[in-house]
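Load the model in a viewer and keep the selection tool at hand. The tour goes stop by stop, with something to select at each.

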Amino acid sequence: MLEYTEKIRETARKLLEEGKVDVFIGYKKGSVPMMNQPVLINNADQVDLLHWDSNCGLNLCNYLTGRTDRIGIVANGCNSRNIVTHITENQIKRDQLYIVGIPCKGIIDHRAVQMAVKQKEILEIKEQGDTFTVKGKDFEETFNIKDYLQRNCSVCTHRNPVISDEMVAPPVEEQIEVDAYKDVKEIEGMDPDKKWNFFTRMIDKCIRCYACRNACPLCYCPTCFVDESKPQWVGKSSDPIDTMTFHILRAYHCAGRCTDCGACERVCPVGIPIRQFTKKLNKDAQELFSWEAGLTLDQRPLLDVFRPDDYNDFIR
Amino acid sequence: MTKKIYTKEEWTEALKGLANTYKIFVPVMEGDFHTFKALDEKKIPDLDFKNTQLSPKSLVYPQSERMFEYTLDENAPDANIIKESEKDYSPQAIVGIRPCDAHAFQIVKPNFDNPEYQDPWWIKRYESTTFVGLGCNDPGPTCFCTSVGGGPFSEKGLDVLLYDLGDTFLVKALTDKGETFLKKTQGGKEADEKALKAGEELAAGAADKIEVKVQTDRLKDKVQTELFDAPFWDDVAFACINCGICTYLCPTCWCFDIQDEVLGKQGDRIRNWDSCMFPLFTLHGSGHNPRSKKVQRVRQRFMHKFKYYVDKYNNGVQCSGCGRCVRNCPVNIDIREICELMNGFLHENQ
């Protein structure tokens, strides 16, 4: 996806020079391999900072919340779905945005790569088409990108933006026949005790840094429930029950809204597969309500509609 | 001071032999990362590691610590009386701690132990801990200990230092505490000249492998208020998501919050790590928040490390160059770059 960079720069330059946007939000190349940095530029002179490759992992929609200016922004499939969600949830207005669409082939799972080279220090990563090469002091290895995608990317069925004002390239082929919920089904098959143990073990390393929450574009509450002190809903120590309360409540707060962008999992410093919480809710939304978050501006979000003629009995 | 040579197998056995004298913490591979765990029959210490994902600061300064407890049961004779909770100060040793992380305890010390204030729990646990370091033969690309007063074989804050000579460890006592530790450690043999020389060469070579140099020498000269108002903070802060990764993984971040938690009639007063990245950190009871904006919080973290600490303690910067925040910041805010910006900052009048 390296070839997108030039096109992004060109578009950003045009938008800024013509005064169509006040700022442009994209990524710049990071100071360490596999870690690019979200960046905001407000001058055409800065466009050469902009960069795109398969390491643009953090969801840029985070940076839109509450902005009042006109913004150019790059968006791949999941980011564009979060932008849609942001618009329908009144966090940003459509006419403030100029969306530069990225047909996405998936983001590299930096931890998987790190494991593949047995935790040796990676000094450089180079992408070439469908493969990438990592180099260190005494090694060099080439991998297929598709074998090292983030787990959410490997089951993604919305790689192309669902909303955009301009595309940097023609759409990529969508993945079909992926079993997105194989792991969820396994957990669903567990008895309650086993399930509880599974989730307890899953989060036992959590250090309550809240990176998952803060990386999540859905988590824009001015004060998160874990930060409330009057009343205090959740204890702040590393007590496992409090930690579990945080994770489960946060997941439920994302029900019908999560686009499975994978930001939570990508940022977790202790490697917790946090999507196991949200994925179950995504699966339920899909199975019970045929709903996938952020696909269209024309429908209200799943959990903020009430219709007297709803086809579900239990709701009437 | 004692200097001994152990084969690696002997060393592991010797550690196991200390089980009755010390609680021994060693790096263990768990999931994708190394982490310090108490040595027991099931744990395999892995001293062939880069560094642990989380710093060992929690072994002296736990993320959550019960300070006091009380009962709210009015019928109890000690109703509503706060009592100090029992704590474990039995001797412990952190074996394999990297020199940067040991140095970090020295950086943190003036906060918990100074003429004005002494934090009893930090001090007691610090004093009950023996720091058995492992020099870094191969410092990583994000390591910059040599820029902040440390080094891959720095002895700062260590009681014992291990040199990995391939099949053997050269083990040197550095303090009385370290001497005591080695006296109780079985096996090994007296280190010969050859081993000592090999150790010296290893240490000299390792320091040269650190390519990153971060300038810190001009921080002290800067005017606090000018640096505070420097124009780069907005750009530095833009990407930050205000999570606690940098502060919680940092071996030198020490801030805490105190909470009362009540379950039924039992009350606990708990001290928890806190993070200046969180808006709640500075929220006043009145509702006012002096650091309500992200840029203010990001600036605070770097100003504390590279300016306020420098000015207050005259003890270098509040950073041991371990590189954890560099590797783990989800938005790649690189402390080395920020330090350079601050160090190189010139006010418009200068």
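The stops below cover the domains of chain B, its sheets, the interface and one helix of chain A, all in a predicted model.

**Stop 1: the two domains of chain B**

Colour residues 3-209 of chain B as domain 1 and residues 224-344 as domain 2, following the domain assignment. Their centres, taken over C-alpha atoms, are 25 Å apart. Where the two domains touch, domain 1 of chain B contributes 34 residues and domain 2 of chain B contributes 29 residues. On the domain 1 side, select strand S4 (64-71) and helix H2 (99-112) of chain B; each supplies at least two residues that face domain 2. That side of domain 1 is made up of 16 nonpolar, 12 polar and six charged residues.

**Stop 2: the four-stranded sheet**

Stay with S4(B). This strand belongs to an open sheet of four strands, ordered S5-S4-S12-S11 in chain B, with antiparallel pairing. At its edges are strand S5 (83-84) and strand S11 (256-263) of chain B, and each of these pairs on one side only. Now add strand S12 (residues 266-273) of chain B: seven bridges connect this strand to S4(B), and the two run antiparallel. To find the register, show Ser64(B), whose bridge partner in S12(B) is Asn272(B).

**Stop 3: the eight-stranded sheet**

Next, display the open sheet of eight strands in chain B, which follows the order S3-S2-S6-S7-S8-S9-S1-S10 and has mixed pairing. Strand S3 (33-38) and strand S10 (189-190) of chain B are the edges; each has a single partner strand, so one side of each lacks a neighbour in the sheet.

Which way does strand S2 (residues 23-30) of chain B run relative to strand S6 (residues 92-97) of chain B, parallel or antiparallel? The two are parallel and are joined by three bridges. Ile24(B) marks the register here, standing opposite Ala93(B) in S6(B).

On the other pairing of S2(B), the partner is S3(B), with six bridges and an antiparallel run. Select Glu30(B) and, opposite it in S3(B), Phe33(B). These two strands make a hairpin with two residues between them, and Gly31(B) in the turn has a positive phi of about 65°.

Further along the sheet, strand S8 (residues 160-164) and strand S9 (residues 168-173) of chain B pair in the antiparallel sense over five bridges. Asp164(B) has Phe169(B) as its bridge partner in S9(B).

**Stop 4: where chain A meets chain B**

Bring chain A back into view. The contact between the chains takes 32 residues from chain A and 33 residues from chain B. On chain A, select strand S1 (23-32), strand S2 (35-41), helix H3 (110-116), helix H7 (211-215) and helix H9 (263-267), each of which supplies at least two residues to the side touching chain B. S2(A) gives the most, six residues. By type, this side of chain A divides into 16 nonpolar, 11 polar and five charged residues.

**Stop 5: helix H10 of chain A**

Finish with helix H10 (residues 275-289) of chain A. Its 15 residues reach 20 Å from first C-alpha to last, close to the 21 Å expected at 1.5 Å a residue. Which residues of H10(A) are buried? They are Arg275(A), Phe277(A), Thr278(A), Lys279(A), Asn282(A) and Ala285(A). Show what covers them, including helix H4 (151-154), helix H5 (182-188), helix H8 (240-253) and H9 of chain A. Just after the helix comes Ser290(A), with a positive phi near 50°.

Terms used. Residues are numbered from 1 along each chain as its sequence is written. Chains are lettered from A and ligands numbered from 1 in the order in which they are written. This is a predicted model: local features need pLDDT of at least 70, side-chain atom pairs count only at pLDDT 80 or more; totals for chains, interfaces and linings use all residues. Domain bounds come from an automatic or database domain assignment. Two residues are in contact if their C-beta atoms, placed from the backbone, lie within 7 Å. Ala, Val, Leu, Ile, Met, Phe, Trp, Tyr, Cys and Pro count as nonpolar, Asp, Glu, Lys and Arg as charged, and the others, Gly among them, as polar. Two strands pair if DSSP finds at least two bridges between them. The expected span of a helix is 1.5 Å times one less than its number of residues. A residue is buried if 20 or more other C-beta atoms lie within 10 Å of its own, exposed if 12 or fewer, and partly exposed in between; C-beta atoms are placed from the backbone.
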